Amino acid sequence: MRQVALGDDDALSPEASGDLKALQSLAARVAARLRPEAHGAPDPRAILDSIGQTVYDWDLHTDRIQWGPNAAAVLGVKKIESIQTGRAYADWLSHDSESSRFDVISRSTATDEGAGVPFQICYGLIPPDGPRDATVWIDDAGRWFAGPDGKPARAHGLVRVITDRYKQERQLALKARFDALTGALNRACLLELTANFYDQAARRKQSFAALLISVDNLFVLNRTHGYDIADQMLAGLAQRLRANCRERDLLARYAGNKFAVVLENCDAAEMAAAAERFVEIAAAAPFETTVGPAPLSLRVGGVVAPRNGRAAHVLFQHAEEALDLARQPGASRFVAYEPSLARDDARMRALKISDEIVSALNSDRILIALQPIVDAPSGEPAMFEALMRLRRSDGSLAAPAAVLPTAEKAGLIQMIDQRVLELALKKLQDHPEMRIAVNMSGQTLHEPDFISRFRTLLGADDDLARRLTVELTETCVIADVEATADAIAALQHFGTKVAMDDFGSGHTSFKNLRRLNVDLVKIDGAFVQNLSRSVDDRFFVRTLIDLARHIGIPIVAEWVEDGETAKILRDWGVEFLQGDYFAAARVAPADMHGGNYVPS
C-alpha cells in the first residue's frame with residue numbers, strides 16, 4: 001500500500017477537528033496526492049461510495065444538515081438539496097423504522113460534559129412514492145454536542161448503508177420468532193405477544209380468548225404416511241387456520257401437533273363459535289399431499305381471559321386442561337375451560353409430586369424394590385422384577401401408583417426409566433447369578449435415541465443383556481405396533497428378553513402378538529387377583545393362556561395372593577408365578593442408604 005506523507009499544513013488543530021469543512025479539506029488534499037494518473041491510484045471518494053459511507057454535520061437550531069461530498073451517491077439522492085434539513089431527511093424515513101435520529105438525540109438523558117454524547121441508531125430510508133422494496137437501511141453513529149442551555153445543539157456523525165446486513169439479521173430474527181414448517185409464530189413469541197392482549201383488554205374493558213388446537217393421532221399419521229407427509233398436512237392446516245383468523249388474531253405452533261390461536265375481543269360464545277369453525281374447516285376436505293389427499297380431525301380446548309387466566313402461562317395451562325378433557329373418549333371436540341376446585345387441587349398435588357420426583361432424581365432417592373418371579377413347579381425364584389420406589393425426604397417410600405402417572409404427564413418418566421435401568425444393571429453386575437426384569441414406558445421405548453442409550457449402559461458386558469428382561473405394557477404395544485416391533489427386535493439383538501406386561505388389558509390381537517415375537521407374556525394381575533372367586537376371570541385367564549400357549553410363549557401370572565390361585569395356575573400349566581403369596585417386593589435396608597440387596 002502506498003503511504004502518503006502529510007505536511008504541517010495537513011494537520012488539524014483541536015479547534016478545527018470538529019469542523020466538517022476542515023475534514024473535507026483534509027480529505028481533498030489527501031485525495032489529490034492519491035490521484036496522480038501515473039500511478040493509477042483509486043479515487044478515495046469512489047472507495048467511500050463503494051462501501052456506502054458518508055459524513056454529515058447537523059445544526060439542530062437551524063435544522064441545517066451539511067453532508068459529505070459523496071452523500072448523494074451513497075444515499076441514492078438525485079439532489080442533495082432535498083435532504084439538507086432534518087425535517088426533509090425525516091420525510092424519507094421508512095414506516096418500519098423503530099426510531100429516528102432526532103428522537104434518539106432529543107430524548108437522550110445523557111449530559112454533554114464537553115466531549116459530546118455518543119449515539120447510534122438504525123433506520124430505513126425510502127424515496128417519496130418509491131416502492132417498499134427500495135428501502136435503504138442505514139447505520140447512523142456519531143456524537144451530539146450541547147449548547148449553552150445544555151440541550152443538544154449540534155451533531156455530527158457517519159452514516160453507512162447496511163441494507164444487506166439488515167436483511168440477513170431480520171431474516172434470522174424472523175426465524176427466531178416463527179416456526180419454519182408452518183410459518184406460524186413459535187411458542188416463545190406467542191407467550192410474549194399474548195402479554196400485550198392483557199394491556200389492551202384492560203384499556204378497552206374487553207375479554208379475549210385462547211384456543212389450543214390438537215391434531216388427532218399425529219403419531220399414527222407419521223407412521224402411516226411418513227413424517228414428510230404429516231408435515232405437509234400440518235403446513236396445510238396452518239394455512240386454513242390463518243385464513244380463518246382476523247388480522248389482529250395470533251396463530252402459533254404451540255407444540256408438535258398443537259396450534260394456538262389468540263382471539264382479540266372475544267367472549268365465551270364467540271370463542272365456542274370460532275372453535276367449531278376451526279374443527280369444521282379441518283374436516284371439510286382432505287389435505288393435499290404428495291401421496292394424495294389425507295384427512296385430519298381436530299380437538300380444541302379454549303379459555304377466556306383475563307377472567308380465567310391473568311398471565312399468559314396460566315392461560316395456556318388452563319387451555320391445556322380443557323384440551324385434555326376434549327381428548328377424552330366420547331367427549332365433545334371442543335371443551336371450554338371452567339374453574340374447578342377439585343381440578344386445581346389435583347394440579348397442585350401433581351406439581352408437588354413433580355417437584356418431589358425431580359428432587360429425588362437429583363439426590364439419588366429413586367430406588368428399586370425386588371420381587372421374585374418364581375418357577376411355578378418348584379416355587380424357586382427364576383428372576384426378580386425391579387419395581388420403582390421413591391424415597392421421600394422424610395425417609396418414607398412412595399409406591400409407583402403415586403408417582404408414575406404424574407411422571408408420564410410431566411415428561412419425567414424417561415428419566416425415571418433410565419435410573420431404574422441403571423440400578424438394575426448395577427445389581428446384575430454385583431450378583432452374577434441374578435436375572436432381573438425392568439419396566440419400560442412407551443414414551444421411553446419410542447424415543448429415537450433409546451437403543452443407542454441402552455447400548456451405552458450395557459457397555460461391553462454381553463452377559464448383562466442376557467440376564468435382563470424388559471417389560472412393556474400391552475397398551476404401549478398397541479399404540480404403535482410397528483415402532484414397538486422394531487424396538488423389541490433391537491433389544492433382542494443384544495440378547496435381552498422382552499415381556500409383554502398387563503396382557504389382556506389392551507386386547508392385543510393374535511396377529512400382533514405373533515408379529516411382536518416377545519419372549520414372555522405377563523397376564524394382567526387384575527384378572528388373576530380374583531381367580532379363585534370369579535368364574536368370569538377364570539374363563540378369561542384360561543383363554544389368554546391358551547392363546548399364548550398356541551404361539552409358544554411362556555406365561556407369567558402376577559398378583560398371585562393365595563395358595564388356591566397358585567394351584568389353579570399350576571394345574572393350567574403356567575410357567576411362572578409372581579405375587580405377595582410368594583414374597584412382597586422390598587427394598588433392602590442397605591439400599592435405602594446406598595448398599596446392596598443380596599437376594600435370599
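This section describes a mixed sheet and its packing, two helical regions, the aromatic pairs and a second group of paired strands in a predicted model.

Five strands form an open sheet in the order 7-8-6-9-10, and the pairing within this sheet is mixed. Strand 7, spanning residues 250-255, and strand 10, spanning residues 334-336, occupy the edges; each has a single partner strand, so one side of each is left without a neighbour in the sheet. Direction being ignored, neighbouring strands of the sheet are turned against each other by 20 degrees on average. Helix 7, formed by residues 187-204, packs on this sheet and touches strand 6 (208-215), strand 7, strand 8 (258-263) and strand 9. The direction of helix 7 makes about 135 degrees with that of strand 7.

At one edge of the sheet, strand 7 pairs with strand 8 in the antiparallel sense over five bridges. The two strands are joined as a hairpin through two residues. Within this pairing, Ala-252 stands opposite Ala-260 of strand 8. Despite its edge position, strand 7 is mostly covered, with five of its six residues buried. At the other edge, strand 9 (residues 298-305) and strand 10 run parallel and are joined by three bridges. Gly-302 has Ala-336 of strand 10 as its bridge partner.

The loop between helix 6 (163-177) and helix 7 contains Asp-179. The relative accessible area of Asp-179 is 18%, and this residue is therefore classed as buried, the cut-off being under 20%. When neighbours within four places in sequence are left aside, Asp-179 is in contact with Ala-184, Leu-185, Asn-186 and Arg-253.

Helix 9 comprises the 17 residues 227-243. At 1.5 Å a residue, the helix should span 24 Å, and its end C-alpha atoms are 24 Å apart, in agreement with that expectation. The buried residues of helix 9 are Ile-229, Ala-230, Met-233, Leu-234, Ala-235, Gly-236, Leu-237, Ala-238 and Leu-241. Gln-239 is also found in helix 9, but at 54% relative accessibility Gln-239 counts as exposed. The C-alpha atoms of Gln-239 and Gly-183 are 8.8 Å apart in space, although the two residues are 56 residues apart in sequence.

Eleven aromatic pairs are present in the structure. One of these is the tilted pair of Trp-67 and Tyr-89, with a centre-to-centre distance of 5.4 Å and 55 degrees between the planes. Trp-67 lies in strand 2 (residues 64-67) and Tyr-89 in helix 4 (residues 86-90), so the pair ties together parts that are 22 residues apart in sequence. Trp-67 counts as buried, at 6% relative accessibility, and Tyr-89 likewise counts as buried, at 6%. Both residues belong to a cluster in which ring pairs link Tyr-56, Trp-67, Tyr-89 and Tyr-123.

Another ring pair is formed by Tyr-581 and Phe-582, whose centres are 5.1 Å apart and whose planes stand at 80 degrees, so the pair is edge-to-face. Tyr-581 counts as partly exposed, at 42% relative accessibility, and Phe-582 is also partly exposed, at 23%. Aromatic rings are further involved in arrangements with charged side chains. The charged end of Arg-154 sits over the ring of Phe-145, at 5.3 Å from the ring centre. In the case of Arg-277, the charged end sits over the ring of Phe-278, 5.3 Å from its centre.

A second set of paired strands involves strand 17, which spans residues 520-523. Three bridges join strand 17 to strand 16 (residues 497-503), and these two strands run parallel. Three bridges also join strand 17 to strand 18 (residues 555-557), again with the strands running parallel. Val-521 takes part in both pairings: this residue is the bridge partner of Met-500 and stands opposite Ile-555 in strand 18. The side chains of strand 17 are divided between two directions, Leu-520 and Lys-522 pointing one way and Val-521 and Ile-523 the other way. All four of these residues, including Lys-522, are buried.

Methods:
Residues are numbered from 1 along each chain as its sequence is written. This is a predicted model: local features need pLDDT of at least 70, side-chain atom pairs count only at pLDDT 80 or more; totals for chains, interfaces and linings use all residues. Side-chain values use heavy atoms; hydrogens and water are left out. Two strands pair if DSSP finds at least two bridges between them. Helices (H or I, at least four residues) and strands (E, at least two) are DSSP runs, numbered from the N terminus. Axes are lines fitted to C-alpha atoms, for helices over the stretch in contact, and angles run from 0 to 180 degrees between N-to-C directions. Contact means heavy atoms within 4.5 Å. Buried means under 20% relative accessible area, exposed over 50%, partly exposed in between (1.4 Å probe, protein chains only). The expected span of a helix is 1.5 Å times one less than its number of residues. Rings of Phe, Tyr and Trp (its six-membered ring) pair if their centres lie within 6.5 Å; planes under 30 degrees apart count as stacked, over 60 as edge-to-face and the rest as tilted. A charge sits over a ring if NZ of Lys or CZ of Arg is within 6 Å of the ring centre and within 35 degrees of the ring normal.
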